[in-house]
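Here are a few exercises to help you find your way around a new structure. Have a go at each task before reading its solution.

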Amino acid sequence: MANDVMTKTTQEEDVLIQELGYDDHFHEHHEGDKYQSNFITTYIFSQDHKMIAKQFLITGMFWGFVGGLMSLIFRLQLGFPEESLAWLKPMLGKWIQVNDAGIGTLAPDFYYALVTMHGTILVFFVLTAGLSGTFSNLLIPLQVGARDMASPLLNMFSYWFFFLAGVIMFASLFVSTGPFSGGWTAYPPLSALPQANSGSGAGMTLWLVSLTLFVVSVLLGGINYITTVLNLRTKGMTMWRLPLTIWAFFITAVIGLLSFPVLVSAFLLLMFDRSLGTSFYLSEIFTGGQALDFAGGSPVLYQHLFWFLGHPEVYIIILPAMGIVSEVLSVHSRKPVFGYKAMVYSILAIAFLSFIVWAHHMFMSGVNPFISNFFVIFTLIIAVPSAVKVFNWIATLYGGNIRFNSASLFGIGFVSMFISGGLTGIFLGNSAIDIQMHDTYFVVAHFHIVMGVAAFFGMFAGIYNWYPKMYGRFMNETLGRIHFWGTLIGAYAIFWPMHYLGMAGVPRRYYSFDSFDAFKHFAGMNKFITIAAILVFAVQVIFIINFFYSIWKGKKMTTRNPWGASTLEWTTPVETGHGNWPGNIPTVQRWPYDYGKDGREFISQVEPLSEQEKKAGVNH
Amino acid sequence: MERAVARDYSRSRIHPKKFALWVACGSILMMFAAFTSAYVVRQAQGNWLEFELPNVFFVSTAVILLSSLSIHLAYRAFKGGNERLYKGLLVLTFILGIAFLILQYQGWLAMSHIGIELTTNPSGSFIYVISGVHAAHILGGLAALIIALIHAFALKYQVTPARKLRLEMTMTYWHFVDFLWIYLLIFFITQS
């Protein structure tokens, strides 16, 4: 609080919080101090939601780095198949095979392992835990006006289950048979038969254990998020006064809670098939000329169970990014978000639809074509709420007094990416077009842009925007802009050409195209994509340096509300202690998007409605 | 801190922890919904060995129903100030819970006896796995009951809001795993 410069506005806010807020007797008991008394309880086994958020973020960044590095290695193989990779031998050891002439090539098995691990890590560890884990933890208690989560203890467990899952996954990278290599979706029989592939043995066992622990983490977190949003909102914080971030995190947690247990069921049946000889997924199979003792299993059953999680999972990834972007765009264009209720209803619509479209991942897996029709229709209907959201983001920006900084640029970049990737989704949602497009680079381009890059953009927008709340300092703006432009241009340079590869029928997950006459002439394009990927990765390194440099050396935040935002998290002191508000809990008097109203730049949520507003019948 | 956060909830109708338990029950239910839908999908694909569910599963159902009744009465006795009845019924619930697990095991033995082993056919495998995972959730309930027993016998009898909440949550979960088994049994009967 020492460096907390009080402006006129913040002083007025504090008076309002003292007068209108209510005393929950939080500070009469010194549990907060007791629980944050030493290094271990403050930084490691912390039960404070803000610290847990940072733990999720930094762990997520570590995994982002590892997963990104993996993609670089397999992109090197795809872009420069002729070049020697012998220089990677010190790092990858036996996975680089060096011939007599000293030319090193990537082992095909390891290529598949890299692709599998890249997918698993990015989808689950970075874009689920790193994104939703970070911002749900940071923002839910702060923005709804709560001291902490409903159960800080379970919240701590949520992080440590994630950590444990990470340790096991990391260990699987180092087993001698290699990590699992059957694709991040882990379809049987590759995942169910330990002898199917070198990675299907110990690597797959570790993969299953790790992801099961991960689901525990997601469920513990989700139970907390839902309970906190529904039960711990401060006085006056009605559901229709929640910032869109909270709506997004809340619905994300609901989706996760309904879909992740299904993944556990699928995994459990898989474990029985692997270890105890049941035939849930395995039918009559021959390996190495020998008939195995399985009969009558259905590999498509696994696909149904997996995608019943798998499709909602992509919304678990994208909804938090959408919520963050709605908030960031509104704050930095100094305008209320356009169509608040439409935004909420479209989140709800997307969440509902996400559960009845899973078979569009299985059009070519032998699903009845008549059943496919239903899934096509529901899939295409998702375009409606998505388009509503895109329209509203653009309308929020339109005519706004936009501050172009790293946060808002990434927010705008998100909208761009979401449109580009969303449009190709309409192609792929049609089962007829999917006959040509399935399992090609068109699919790779589509989902990387719409849920990979877009979700990262949402995450970066959130990091740049709430960094001052997390660390009391700002990230370097110049480096932030280099990061933005490098990522935007680079990501399009990587994934735009992939659409053409896909339309030409180039299949995904292939180790090499040398022996296919039809795909040989794409060598130049593959080279271009790889160079772009290296550039994008380099720019992310700049971000990581900027992040850690700014923790200690960044420009200090002098006022507590640097963006002039109206939500509650900016009414807490710069150095936010445990319990978030030093005195009373503020009560909420109005909705979170009063920007540019009555000639004022913004009106905080703690400020009561004026006589004028009451007369005008404002009720949100 | 736990207490600090969960102190003044006079404003909300349901205690957040109780609500969190309900949410957790919802996610457990989804897990079993996945198992039973997998069962239906797999059954529709043929190669499905039909057999009659051993009768011992009906006995175990009666036992778990009784245990639900006894924990309910224990909770009422606790609130009503009848210390001896509360302690006795809690012990009874625990014994009935253990008995349920033993009976489920007998059920598996009976299945194995008529030639339905774990790997014989998916129709049997599903029943082993589903009832096995359910038994694991009963174990969780028994762990909660052990804690409730420790509280009942080690602490001085006192009706405080915190202890009431704790017992009520144990009871809610126990009712839930009971209901879950009834659902599974009805599902098995109607499907085969």
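The exercises below look at one helix of chain A and then at chain B, in a predicted model.

**Exercise 1.** Walk along helix α16 of chain A and describe its two ends and its kink.

*Solution.*
- Start at the N-terminal end, which A:Thr440 caps. Here a side-chain oxygen of A:Thr440 sits 3.1 Å from the backbone nitrogen of A:Phe442.
- Now follow the helix through residues 441–471 until you reach A:Asn465, where there's a kink of about 45°. The proline A:Pro468 comes shortly after that kink.
- Past the helix you meet A:Gly472, with a positive phi near 70°.

**Exercise 2.** Work out why α16(A) can be called largely enclosed by the rest of the structure.

*Solution.*
- Buried means under 20% relative accessible area.
- By that cut-off, 29 of the 31 residues of α16(A) are buried, so the rest of the structure largely encloses this helix.

**Exercise 3.** Sketch chain B, from its elements to its surface and charges.

*Solution.*
- List the elements: chain B has six helices and zero strands, so to speak an α-α-α-α-α-α run from the N terminus.
- Add dimensions: the C-alpha trace spans about 55 × 35 × 25 Å along its principal axes.
- Look inside: 52% of the 192 residues of chain B count as buried.
- Turn to the surface: about 8900 Å² is accessible, and carbon and sulfur atoms account for 66% of that.
- Finish with charges: chain B has 15 positive and 8 negative ones, and the mean positions of the two sets lie 17 Å apart.

Definitions and conventions
Residues are numbered from 1 along each chain as its sequence is written. Chains are lettered from A and ligands numbered from 1 in the order in which they are written. This is a predicted model: local features need pLDDT of at least 70, side-chain atom pairs count only at pLDDT 80 or more; totals for chains, interfaces and linings use all residues. Side-chain values use heavy atoms; hydrogens and water are left out. The bend at a residue is the angle between axes fitted to the seven residues ending there and the seven starting there. Helices (H or I, at least four residues) and strands (E, at least two) are DSSP runs, numbered from the N terminus. Buried means under 20% relative accessible area, exposed over 50%, partly exposed in between (1.4 Å probe, protein chains only). A polar contact is a pair of N or O atoms within 3.5 Å; within protein, one must be able to donate a hydrogen and the other to accept it, and residues adjacent in sequence count only if both atoms are side-chain atoms. Accessible areas come from the Shrake-Rupley method with a 1.4 Å probe; for residues, only the protein chains shown count as cover. Lys and Arg count as positive and Asp and Glu as negative; His and the chain ends are not counted. The place of a charge is taken as NZ of Lys, CZ of Arg, CG of Asp or CD of Glu.
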